[in-house]
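Reader: I am in my first year and would like a close look at a single part of this protein, namely its salt bridges. Could you take me through them slowly, in one connected answer?

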Amino acid sequence: MQKPVEITFGMLASRNKRFVNFILDSIIVTIIQLAVSMGSNWIYDNYGQEGFLIGPPVLGNFKYTLLGLGLNIVYYGLFESLNMRTAAKYVTNTMVVNRDGTQPDNARILLRTLCRLIPFEAITFLGRPPIGFHDNLSKTLVVDIYEFEKAQRAAKMKDINNNEEKR
């Protein structure tokens with residue numbers, strides 16, 4: 001577990017990076033959703049397994065919508081709990097941290113993930129500062145890794161200098 005670091009406004013991921021994260025992750029989840037739906041429908045068509053029928057990806061298809069919600073929970077929950085980043089966060093060089101800069105625990109990531117299911121929540125990070133509703137409720141932040149690691153190095157150097165002065 002990393003040492004707590006004070007998160008400053010300059011460390012936060014920009015609105016543009018947050019928007020790119022949202023778009024890329026949405027595309028990835030949608031592709032997975034389409035693939036699972038098509039595979040499931042194929043199993044129904046070829047083997048007659050009624051429970052596998054999801055139907056077409058159209059508005060009002062309850063099974064398809066539930067599949068998407070479930071995949072969002074698994075995608076964000078799994079990636080952010082394992083390595084604090086989704087695929088899009090790798091592209092934008094950002095990650096999720098607690099407000100003190102430490103790694104969020106699984107319960108916090110689950111809360112963050114479930115908050116994403118709130119209607120229109122996805123646009124709440126577009127304000128200033130770029131902190132979304134799911135960030136506020138889970139007490140997490142999305143930071144630029146370069147700025148965050150720079151602050152960690154500075155804090156570490158400060159600790160080393162303080163220890164040397166005490167000797």
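Author: A salt bridge here is a side-chain nitrogen of Lys or Arg within 4 Å of a carboxyl oxygen of Asp or Glu. Side chains of opposite charge can pair when their charged atoms come close. The model you are looking at is predicted, and by this rule the count comes to 7 salt bridges.

One of them joins Glu147 and Lys150, whose closest N and O atoms are 3.4 Å apart; both residues belong to helix α6 (residues 145–166), where they sit 3 residues apart, about one turn of the helix. Glu147 counts as partly exposed because its relative accessibility is 25%, and Lys150 is likewise partly exposed, at 39%.

There is also a network, in which salt bridges that share partners join Arg18, Glu80, Lys89, Arg112, Arg116 and Asp135. Within this network, Glu80 forms a salt bridge with Lys89, with 2.9 Å between the closest N and O atoms, and both of these residues are buried. Glu80 also forms a salt bridge with Arg116, where the corresponding distance is 2.8 Å. This second pair links distant parts of the chain, since Glu80 is in helix α2 while Arg116 lies 36 residues away, in the loop between α4 (106–115) and α5 (133–138). Arg116 is buried, as is Glu80.

Glu80 is, in addition, among the residues that Thr86 touches. Thr86 is found in the loop between α2 (62–83) and α3 (87–92), and it counts as buried because its relative accessible area is 0%. The side chain of Thr86 makes a polar contact of 2.7 Å with the side chain of Asp25.

Terms used:
Residues numbered from 1 in each chain as written. Predicted model: local features only at pLDDT ≥ 70, side-chain atom pairs only at ≥ 80, totals over all residues. Heavy atoms only, no water. Helix = DSSP H or I, 4+ residues; strand = E, 2+ residues; numbered from the N terminus. Buried < 20%, exposed > 50% of the residue type's maximum accessible area, 1.4 Å probe, protein only. Polar contact = N/O pair within 3.5 Å; in protein donor to acceptor, adjacent residues only side chain to side chain. Contact = heavy atoms within 4.5 Å. Lists of a residue's contacts leave out its neighbours within four places in sequence.
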